[in-house]
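Hi,

Here is the structure I promised to pass on. Have a look at it first, and then read on for what turned up.

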Amino acid sequence: MTDTVLPGAAAGAQNRERVRKSLSRRHRNEILFRWAGILSIAAALGFVAILFGMILSKGLPSFWQSTVHVEAFFDPELIEGGPRPVLADFPSPADHQQAVNQWQRAVTLSNWNRIVETALRAEAPDFEIETRDLLELVTSSARFQLRDMYFANPDVLGQTVPVSILASANTDNWLKGTIDRSQPDERQQLAATTRALADQFEENGAISFDFAWHIFTNVDSRSAPATAGLAGAFMGSLYMMIVVIVLAVPIGVASAVYLEEFAPKNRLTDLIEVNINNLAAVPSIVFGLLGAAVFINYFGLPRSAPLVGGLVLTLMTLPTIIIATRAALRAVPPSLRQAALGLGASRNQTVFHHVLPMTYPGVLTATIIGVAQALGETAPLLLIGMSAFIANIPAGPLDSATALPVQIYLWQGNENRNFFEARTSAAIIVLLGLMLLLNAIAIFLRSRLEKRA
């Protein structure tokens, strides 16, 4: 008797086989998708690690700069002007101030380069080198450094005082090895005697690599690149961020609350929502054109002012804050609104006493994202003139200033690439540090607000 397979059993076996193959294919696809995701994340982290590694490897050495340690003799025969005027010798403070100004002008005209030269030659008395090549060893602002020391304490006249002077940018390049030492003399940035003296000073300890605090305290400098710093750009960015926070946050949050909680649903509000979403995708350079046309040409605000930059960045940041705040408002459960209304709260009380406090973490996140984005913008600031060379720290939002990203852009295009390429990476590290600090503050405040909520 032969076995027979029923038609229903055969169909069931085929279905089971089809399901088994489908499950195998599905599991295989899941495994492939999982590994594709892991590889994508690994590749992204790898590229980020490469980027940060390059920035840190180039930028960190710039925070240590070659410094010449000498003893400067404030020679009375070279310093003109005599003793500093005393207030008791004049009938009025105005006359005293006039005499002090004249004394300062006379002191400034003294031969401070000769004092610098004497101090350098004292460290290598047997080394023969021309004066011009000798002064190339240190930054050109060394004479002003000694002059300011004398202004601060005229009692050093006739005394020998230890002084630490920054080496020039070319000397720093030579000692750090950022230029090829095997190149012929005609292609070197320093004379042969200057290079030999720099090596000798490094060997005997007259030159050391000290932490470059001046990067945070000095402004940009073209005459003395070794002393260039970020103080002016930092203050310009600070004033702009204050303007952005003061304007963008309340306007953005108020707009989001009105559109989400109070505005009627009609064609006008739909048009406003579409335009807000479109503004979030507009290139930043367009906001720069708008700022130059409206705030500078029409309203007559000063060029290169942090106030104008802050207004431009406010326009650019508003869509981000509005969209993120509305998303946070939508995330609040409707039951909270219904419960507040059911207990007799008005519409305003429901929104501002119950709904809005629940969105504080989201609003804070939106604010930090918008401010961090504004902090790193460069293109709109270039169009309103904030790329100009500024030699002073701005005292207010209406003074001429630049910003950190613009300063990075300017340093990257400097002709002394051997020195400023590393200095540019150092400025990027400072900018990234500020952004990480903002994010850390946001995470801390958000966690506190979430616990309270």
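In strand β2, T160 is the residue that stands opposite F73. This is a predicted model, by the way, so please read everything below with that in mind. The pairing goes further than that one spot: β1 and β2 run antiparallel and are joined by seven bridges. β1 also pairs with β3, again antiparallel, through five bridges. On that side, Q65 has D210 of β3 opposite it.

Those strands turn up again around the largest pocket, which holds about 490 Å³ of space. Its lining counts 22 residues, and the ones nearest the centre are S141, Q145, L166, N218 and T227. Two or more lining residues come from each of β1 (64-73), α5 (142-152), β2 (160-166) and β3 (207-211). Helix α5 gives the largest share, with four residues. What sort of residues make up the lining? There are 12 polar, seven nonpolar and three charged ones.

One more residue to look at is F234, which sits in helix α9 (residues 231-262). Is F234 buried, exposed or partly exposed? Its relative accessibility is 36%, so it counts as partly exposed, a class that lies between under 20% (buried) and over 50% (exposed). Setting aside neighbours within four places in sequence, F234 is in contact with L404 and L434. F420 is 186 residues away from F234 along the chain, and their C-alpha atoms are separated by 18 Å.

Cheers

Technical notes: Residues are numbered from 1 along each chain as its sequence is written. This is a predicted model: local features need pLDDT of at least 70, side-chain atom pairs count only at pLDDT 80 or more; totals for chains, interfaces and linings use all residues. Side-chain values use heavy atoms; hydrogens and water are left out. On a 1 Å grid over the protein atoms alone, a cavity is a set of points where a 1.4 Å probe fits but cannot get out, and a pocket is an open set with protein on both sides within 12 Å along at least five of seven lines; lining residues have an atom within 4 Å of a point. Grid points are joined across faces, edges and corners, and a volume is the space filled by probe spheres set on the points. Ala, Val, Leu, Ile, Met, Phe, Trp, Tyr, Cys and Pro count as nonpolar, Asp, Glu, Lys and Arg as charged, and the others, Gly among them, as polar. Two strands pair if DSSP finds at least two bridges between them. Buried means under 20% relative accessible area, exposed over 50%, partly exposed in between (1.4 Å probe, protein chains only). Contact means heavy atoms within 4.5 Å.
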